[in-house]
Structure formats: structure tokens, C-alpha cells
Amino acid sequence: MKDDLMQEQSQTGERWRFTARPGRSQRVYLVVDGTMLPSRWIEMQPVAGEEGLWDTITQLPEGDYRFRYFIVNDGAYLNCGTSGLHGERLSQANSGVRIERFSRPAVPA
């Protein structure tokens with residue numbers, strides 16, 4: 001049942017590419033928070049020939065979304081928020097997909 005719902009939603013959603021340039025990182029994860037699905041951690045991949053640039057492509061079913069990313073170095077996770085995160089729609093626009101505007105990261109106290 002859940003797979004049928006996901007397949008139906010993916011046909012009505014949008015395809016997006018997300019990129020981040022976090023600097024030195026062993027791993028980078030895009031975290032997707034949506035109203036229709038549980039949070040997802042998507043491992044990003046380094047972009048060949050682009051020093052420090054990571055990306056991933058994902059399908060977003062209709063719904064409201066917030067994004068952030070984490071970097072991992074030596075087992076430590078760092079929440080980078082949306083600092084340096086960029087989203088690019090790869091498919092035709094669908095009015096049912098709404099993405100919260102990226103904001104500046106919180107400044108540590």
C-alpha cells in the first residue's frame with residue numbers, strides 16, 4: 001500500500017537536484033522533511049571535477065518541504081542548515097510541491 005502511494009505521488013511530483021559546497025567532508029547528507037512522508041536522509045555524492053561540491057537528485061511528491069544538510073567527518077555529524085545549499089528543479093513545475101525558502105544558518109553563541 002505504501003509503495004503504491006509513493007509511486008502515485010512520484011508521478012505527480014517534481015524532480016530536483018540539490019548541491020552543497022561544505023568544504024572538507026567525508027560524507028554529506030541532504031535531510032528532507034516533508035508533510036506527507038517521514039524525514040529522509042539522502043547521501044549526496046561528490047561531483048567529479050568540482051572540488052568540494054556534492055549533489056543528489058531526488059523526486060518530490062506533492063507536499064510541503066524543508067531541507068538542510070549534514071556533513072560527517074571522523075564520525076562527527078555537523079548540521080550545516082541551509083548554508084550553501086542550492087536547489088534546482090529538473091522537471092516541469094507542479095503546483096503541489098512547495099519548498100520552504102532556504103535561510104541563513106544560525107550563528108553559534
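Me: A nonpolar core is a set of buried Ala, Val, Leu, Ile, Met, Phe, Trp, Tyr and Cys residues joined through side-chain atoms within 4.5 Å. With that in mind, which residues touch the most other members in the largest nonpolar core?

Reply: In soluble globular proteins, nonpolar side chains tend to be buried together. The model shown here is a predicted one. Its largest nonpolar core has 17 residues, and within this core Leu30 and Phe67 touch the most other members. Strands β1, β2 (27-34), β5 and β6 (63-73) each contribute at least two residues to the core. The largest share, 4 residues, comes from β6.

Me: What is the run of elements in the protein chain, from the N terminus on?

Reply: The order is α-β-β-β-β-β-β-β-β-β, that is, 1 helix and 9 strands. Of the 109 residues in the chain, 38% count as buried.

Me: How is the pairing of strands to be read, and what is the order of the strands in the open sheet?

Reply: Strands of a sheet pair through backbone hydrogen bonds, either parallel or antiparallel. In this structure an open sheet of 4 strands follows the order β4-β5-β1-β8, and its pairing is antiparallel. Strands β4 (45-46) and β8 (86-89) are the edge strands, each of which pairs on one side only. Inside the order, β1 (residues 14-20) and β5 (residues 54-60) run antiparallel and are joined by 7 bridges. To follow this pairing by eye, one may start at Arg17, which stands opposite Ile57 in β5.

Me: Is strand β2 largely enclosed or largely open, and why?

Reply: Strand β2 is largely enclosed by the rest of the structure, because 6 of its 8 residues are buried. Its pairing can be followed towards two other strands. With β6, strand β2 pairs in the antiparallel sense over 8 bridges; here the bridge partner of Gly34 is Tyr65 in β6. With β3, strand β2 is joined by 4 bridges, and the two run antiparallel. In this second pairing Val32 stands opposite Arg40 in β3.

Me: How does one look for empty space, and which residues line the largest cavity?

Reply: Rolling a probe the size of a water molecule over the atoms shows where empty space is left. A search of the whole structure returns 1 cavity of 30 Å³ or more. The largest cavity has a volume of about 40 Å³, and its lining consists of Val32, Gly34, Leu37, Pro38, Arg40 and Tyr65. By class, this lining comprises 4 nonpolar, 1 polar and 1 charged residues. The bridge partners just discussed return here: Gly34 and Tyr65 face each other across β2 and β6, while Val32 stands opposite Arg40.

Me: How many aromatic pairs does a search of the whole structure find?

Reply: The search finds 6 aromatic pairs. To read one, consider both the distance between ring centres and the angle between ring planes: planes under 30 degrees apart count as stacked, and those over 60 as edge-to-face. The rings of Trp41 and Tyr77 have centres 6.3 Å apart and planes at 70 degrees, so this pair is edge-to-face. Trp41 belongs to strand β3 (residues 40-43) and Tyr77 to strand β7 (residues 76-79), so the pair ties together parts that are 36 residues apart in sequence. Trp41 is partly exposed, with a relative accessible area of 43%, whereas Tyr77 counts as exposed at 51%. In another pair, the rings of Tyr65 and Phe67 have centres 6.2 Å apart and planes at 25 degrees, so they are stacked. Both Tyr65 and Phe67 are buried.

Me: Which residues form one aromatic cluster with Tyr65 and Phe67?

Reply: Trp16 and Phe18 join Tyr65 and Phe67 in one aromatic cluster. Phe67 has thus appeared twice, since together with Leu30 it touches the most other members of the largest nonpolar core.

Me: What is the phi of Asp74 near, in degrees?

Reply: Backbone angles are read residue by residue. The phi of Asp74 is near 50 degrees, a positive value in a residue other than glycine. Asp74 sits in the loop between β6 and β7. With a relative accessible area of 62%, Asp74 is exposed.

Me: Where does Arg101 lie?

Reply: Arg101 lies in the segment after β9 (97-99). Arg101 is exposed, with a relative accessible area of 75%. Sequence and space may be set side by side here: Arg101 and Thr82 are 19 residues apart in sequence and 9.4 Å apart in space, C-alpha to C-alpha.

Note on methods: Residues are numbered from 1 along each chain as its sequence is written. This is a predicted model: local features need pLDDT of at least 70, side-chain atom pairs count only at pLDDT 80 or more; totals for chains, interfaces and linings use all residues. Side-chain values use heavy atoms; hydrogens and water are left out. Rings of Phe, Tyr and Trp (its six-membered ring) pair if their centres lie within 6.5 Å; planes under 30 degrees apart count as stacked, over 60 as edge-to-face and the rest as tilted. Buried means under 20% relative accessible area, exposed over 50%, partly exposed in between (1.4 Å probe, protein chains only). Two strands pair if DSSP finds at least two bridges between them. On a 1 Å grid over the protein atoms alone, a cavity is a set of points where a 1.4 Å probe fits but cannot get out, and a pocket is an open set with protein on both sides within 12 Å along at least five of seven lines; lining residues have an atom within 4 Å of a point. Grid points are joined across faces, edges and corners, and a volume is the space filled by probe spheres set on the points. Ala, Val, Leu, Ile, Met, Phe, Trp, Tyr, Cys and Pro count as nonpolar, Asp, Glu, Lys and Arg as charged, and the others, Gly among them, as polar.
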